[in-house]
Amino acid sequence: MMAPTHVAAGIALAVPIAFLVPELAPLVVAAAVAGSVFPDFDMVAGEHRRTLHAVEAYAVLTVLVTFAAIVAPSPPVIAAAVFFAAAAVHPILDLAGGSSEARPWEAATDRGVYLRSRESWVAPKRWARYDGAPEDLALAAVLVTPGFVVFGTGVRAFAVGTLIVGLGYTFCRKRIPQLSGRVNLPVPPVLTVIVALFSLFRR
């Protein structure tokens with residue numbers, strides 16, 4: 001799935017939490033959006049859809065941190081729980097889409113997302129044929145809709161901007177090569193450390 005769809009999923013995930021604790025809405029949205037795009041940093045530091053697309057790790061962290069938030073609620077802990085939940089949803093959405101390759105509409109590979117528990121790649125479902133496909137944009141529009149009901153002007157404007165970016169990406173997707181694998185771009189030291197930690201669990 002394209003980044004705007006992941007962002008839309010983050011906004012959707014933030015809706016019930018923000019409804020329960022409206023005073024934390026801005027923090028919850030920020031945490032959800034950050035978590036929803038975090039796994040894709042492995043495009044610049046690691047192997048895309050493998051290094052940071054660790055759905056099992058995010059799921060475990062979500063459960064642990066959510067329990068901590070219930071026992072001793074605080075804004076940082078709640079934000080962390082939302083972040084990990086959004087990060088866990090990211091690779092699941094990718095599996096619903098196409099494969100990880102330069103021209104995913106050709107479906108030349110079955111590399112959806114790498115699962116450490118299986119030590120292998122899981123084939124994509126291709127319900128959205130590729131990132132940036134019209135059905136991908138439609139999903140982003142559906143996911144972002146609840147945010148328009150719950151959140152204020154700032155988040156609504158952000159949601160509209162997300163859809164505009166998604167529309168532009170969809171329009172020119174087949175002219176843009178996907179950033180698959182590792183890209184030679186400057187990598188923040190903290191991200192390098194995080195990728196190294198995730199790599200410890202790789203074979």
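Guide: Contact here means heavy atoms within 4.5 Å. By that yardstick, in this predicted model, Leu27, Val28, Ala31, Ala32, Ala34, Gly35, Ser36 and Val37 in H2 meet a set from H4: Pro75, Ile78, Ala79, Val82, Phe83, Ala86, Ala87 and His90.

Visitor: What are the angle and the axis distance for H2 and H4?

Guide: The axes of H2 (residues 25-37) and H4 come within 7 Å, crossing at roughly 35°. The crossing is right-handed.

Visitor: What makes residues of the contact of H2 with H4 count as nonpolar, polar or charged?

Guide: The tally is 13 nonpolar, 3 polar and no charged residues. Gly counts as polar, and so do Ser and His, because they are in neither the nonpolar nor the charged list. That puts Gly35, Ser36 and His90 in the polar group.

Visitor: On to H1. Why are H1 and H5 called roughly parallel to each other?

Guide: H1 (residues 3-20) and H5 (residues 134-150) pack at about 30°, their axes 8 Å apart. The cut-off for roughly parallel is under 35 degrees, so H1 and H5 earn the label. H1 passes H5 in a left-handed crossing. On the H1 side the contact involves Pro4, Thr5, Ala8, Ala9, Ile11, Ala12 and Val15, and among its H5 partners are Asp136, Leu139 and Gly147. By class that contact has 12 nonpolar, 2 polar and 1 charged. Asp counts as charged, so Asp136 is the charged one.

Visitor: And why are H1 and H4 oblique to each other?

Guide: Their axes come within 10 Å and cross at roughly 140°. Roughly antiparallel needs over 145, and roughly perpendicular runs from 65 to 115, so H1 and H4 end up as oblique. This crossing is right-handed. Thr5, His6, Ala9, Leu13 and Ile17 of H1 touch H4 residues including Ile78, Val82, His90 and Asp94. The split is 9 nonpolar, 3 polar and 1 charged.

Visitor: Which residues line the second largest pocket?

Guide: Leu13, Ile17, Leu20, Val21, Thr62, Thr66, Ala69, Ile70, Ile78, Ala81, Val82 and Ala85 do. The pocket holds about 200 Å³ of space.

Visitor: Which helices each supply at least two residues of that lining?

Guide: H1, H3 (55-71) and H4 (75-96).

Visitor: How do you know which lining residues of the second largest pocket are polar?

Guide: The lining has 10 nonpolar, 2 polar and no charged residues. Thr is in neither the nonpolar nor the charged list, so Thr62 and Thr66 are the polar pair.

Conventions: Residues numbered from 1 in each chain as written. Predicted model: local features only at pLDDT ≥ 70, side-chain atom pairs only at ≥ 80, totals over all residues. Heavy atoms only, no water. Axes fitted to C-alpha atoms, helices over the stretch in contact; angles between N-to-C directions. Helix = DSSP H or I, 4+ residues; strand = E, 2+ residues; numbered from the N terminus. Left-handed = near helix turned anticlockwise from the far one by under 90°. 1 Å grid on protein atoms, 1.4 Å probe; cavity = no way out; pocket = protein on both sides within 12 Å on 5 of 7 lines; lining within 4 Å. Points joined across faces, edges and corners; volume = space filled by probe spheres on them.
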